[in-house]
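Q: I'm new to this structure and would like to learn how to read it. Could you walk me through it, one feature at a time?

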Amino acid sequence: MRNKKLGLILGAALIGLTLATARADAALLNIDILLPDILSNSTGVYNYDAATDLFSSTATPLTITFTGLPGSHLSIIGPKSYSVGFYVNSSGNFVSGIAGDDLVISGNIDVDGDSVIDYSGDLIRGEVTRFGWLDTGTQFDLFNYTFDFTGGALSSYYAPYSYKGGDSMSSEHSSFTGSFATNFSGTKVKHDTAPIPEPSSLLLLGSGLLSAALLRVRRKK
């Protein structure tokens, strides 16, 4: 009887953890953007193809800040580009990345203003790991995703965070209505890309449920 109760308690804890993780990609992700922070201008576009499940966006990286202080935004110059692509199923959940790097941000950065480029070429390369979205009911919609940093000139800034990064994007002219069963797209897209700390809320929830279950069993004994 005691083993049966233990099984029920642990089973309930695991179900709770499963429910918590199952919807992690079905809404806007809760991510904390750190530094350095790369911003793109509003000339970006995004597109979702329901036939192929491909979600993609291109933009132009504009500035980067290493300190976040007023006036600390440095221009990204020279040949520069932003592109990201990954697959999202009809429920709006992340499925997988594309062939090659899912995310590539390129450009040149002169940190100290001495006309010598300090960071150049691919600044960030990454593989997307999670995807979130928010249909606001207007033409202004929000999307975000996390990625594993795989390379680029800004490597040293991502290493302390287990090579995790995040991107928050908005579209001022979006045709998204909350459904991934049909095509949708948007213009005037902006991106905000930076390192993020390792997500821990779901892990804490799972460990808390299991700890509570084991503590209850121990007290009964």
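A: Gladly! Let's begin with aromatic pairs: rings of Phe, Tyr and Trp count as a pair if their centres lie within 6.5 Å, and planes from 30 to 60 degrees apart make the pair tilted. Keep in mind that this is a predicted model.

Q: How many aromatic pairs does that rule give here?
A: The count comes to 27 aromatic pairs. Take Phe66 and Tyr157: their ring centres are 5.4 Å apart and the planes meet at 50°, so this pair is tilted. Phe66 sits in the loop between strand S4 (61-65) and S5, while Tyr157 belongs to helix H2 (residues 155-158), so the pair ties together parts that are 91 residues apart in sequence. Tyr157 is partly exposed, with a relative accessible area of 28%.

Q: And how are Phe86 and Phe131 arranged: stacked, tilted or edge-to-face?
A: They are tilted, with 5.3 Å from centre to centre and 55° between the planes. Phe86 is in strand S5 and Phe131 in strand S8, 45 residues apart, so to speak a link between distant parts of the chain. Both of these residues are buried.

Q: Which residues touch the most other members of the largest nonpolar core?
A: A nonpolar core is built from buried residues whose side chains come within 4.5 Å. Here the largest one has 33 residues, and those touching the most other members include Phe55, Phe86 and Phe131. Several strands each supply at least two residues of this core, among them S3 (54-59), S5 (74-88) and S8 (122-134).

Q: Which face of S3 is covered, and which is uncovered?
A: Look at the residues on each side of the strand. Phe55, Ser57 and Ala59 make up the covered face of S3, whereas Leu54, Ser56 and Thr58 make up the uncovered one.

Q: How many bridges join S2 to S3?
A: Five, and the two strands run antiparallel. Val45 stands opposite Thr58 of S3. The hairpin of S2 and S3 has four residues between the strands, and there Asp53 takes a positive phi near 70°. S3 also pairs with S5, in the antiparallel sense over six bridges; in S5, Ser83 is the bridge partner of Thr58.

Q: What kind of peptide bond joins Leu35 and Pro36?
A: Check omega: the value is about 5°, and the bond is cis. Pro36 lies in the loop between helix H1 (2-22) and strand S1 (37-40).

Notes:
Residues numbered from 1 in each chain as written. Predicted model: local features only at pLDDT ≥ 70, side-chain atom pairs only at ≥ 80, totals over all residues. Heavy atoms only, no water. Buried < 20%, exposed > 50% of the residue type's maximum accessible area, 1.4 Å probe, protein only. Pairing = 2+ DSSP bridges. Phe/Tyr/Trp six-rings, centres within 6.5 Å; stacked < 30°, edge-to-face > 60°.
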